[in-house]
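Good morning, and thank you for joining this group meeting. I shall present one protein structure and go through its parts in turn.

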Amino acid sequence: MYRCNECDKEFEEPVRCAIMSGEFWGAPFTEYGDTCPYCKSEYISEIKYYCDCCNYKIAEGETYYETDDGSIFCEDCISKKEA
């Protein structure tokens, strides 16, 4: 599962698209990358974990907390527990 960091929509698989094409030292090239199927943004993140408290989908690069028993919490839920 993936999430777009621009339009905030979730999707199963990113779309593989040509991001840049041109010429390098006389040879043509095309660079491909993964994009959002909705807004075509390149800023997508793979959802790695689910919060055990609120079921929030934690994407790569986001902060999460893992307890000794293996439970995973998002930032919002861990701050609720500390309050």
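**An exposed tryptophan and its surroundings**

Let me begin with Trp-25, which counts as exposed, because its relative accessibility is 80%. Please keep in mind throughout that the model is a predicted one. Where does Trp-25 lie? Its place is the loop between β3 and β4. These two strands form a hairpin with two residues between them. Trp-25 has a phi near 55 degrees, a positive value in a residue other than glycine. To see the background to that remark, recall that most residues other than glycine have a negative phi.

**The hairpin of β3 and β4**

Let us stay with this hairpin for a moment. How many bridges pair β3 with β4? There are nine, and the pairing is antiparallel. One example is Val-15, whose bridge partner in β4 is Thr-35.

The side chains add a link of another kind: Arg-16 and Asp-34 form a salt bridge, with the closest N and O atoms 3.3 Å apart. Arg-16 lies in β3, which covers residues 15-24, and Asp-34 lies in β4, residues 27-35, so the salt bridge ties together parts that are 18 residues apart in sequence. Are these two residues buried or exposed? Arg-16 counts as exposed, because its relative accessibility is 56%. Asp-34, with a relative accessible area of 35%, is partly exposed.

**The four-stranded sheet**

I turn now to the sheet. Which strands form it, and in what order? Four strands make an open sheet in the order β2-β1-β5-β6, with antiparallel pairing. The edge strands are β2, residues 10-11, and β6, residues 57-59, and each of them pairs on one side only.

We can walk across the sheet from β2. Two bridges pair β2 with β1, which comprises residues 2-4, in the antiparallel sense. Here Tyr-2 stands opposite Phe-11 of β2. The next step leads from β1 to β5, residues 44-50, and these two antiparallel strands are joined by three bridges. Cys-4 has Ile-44 as its bridge partner in β5. The last step is from β5 to β6, an antiparallel pair with three bridges. In this pair, Tyr-50 has Lys-57 of β6 as its bridge partner.

β5 and β6 also form a hairpin, with six residues between the strands. Asn-55 is found in the loop between β5 and β6. Its phi is near 65 degrees, again a positive value in a residue other than glycine.

**Salt bridges**

How many salt bridges does a search of the whole structure find? The search finds four. The general principle is that side chains of opposite charge can pair when their charged atoms come close.

One of the four has been described already, between Arg-16 and Asp-34. Another is formed by Glu-10 and Lys-57, whose closest N and O atoms are 2.8 Å apart. Glu-10 is in β2 and Lys-57 is in β6, so this pair links distant parts of the chain, 47 residues apart. Glu-10 is partly exposed, with a relative accessible area of 32%, and Lys-57 is partly exposed at 23% relative accessibility.

A further salt bridge joins the side chains of Lys-48 and Glu-46, at 3.6 Å from N to O. Lys-48 counts as partly exposed, with 43% relative accessibility. Glu-46 is also partly exposed, with a relative accessible area of 29%.

**The nonpolar cores**

Finally, I come to the buried residues. In soluble globular proteins, nonpolar side chains tend to be buried together. Which residues make up the largest nonpolar core? There are seven in all: Cys-51, Ile-58, Ile-72, Phe-73, Cys-74, Cys-77 and Ile-78. β8, residues 72-74, and α1, residues 75-82, each supply at least two residues of this core. The largest share comes from β8, with three residues.

Let us look at one member of this core, Ile-78. Leaving aside neighbours within four places in sequence, Ile-78 is in contact with Tyr-65 and Phe-73. Apart from this core lies another, of five residues, among them Tyr-2, Cys-4, Cys-36 and Ile-44. Two of these names are familiar from the sheet, where Cys-4 and Ile-44 are bridge partners.

Thank you for your attention.

Notes:
Residues numbered from 1 in each chain as written. Predicted model: local features only at pLDDT ≥ 70, side-chain atom pairs only at ≥ 80, totals over all residues. Heavy atoms only, no water. Pairing = 2+ DSSP bridges. Buried < 20%, exposed > 50% of the residue type's maximum accessible area, 1.4 Å probe, protein only. Core = buried A, V, L, I, M, F, W, Y, C linked by side-chain atoms within 4.5 Å. Contact = heavy atoms within 4.5 Å.
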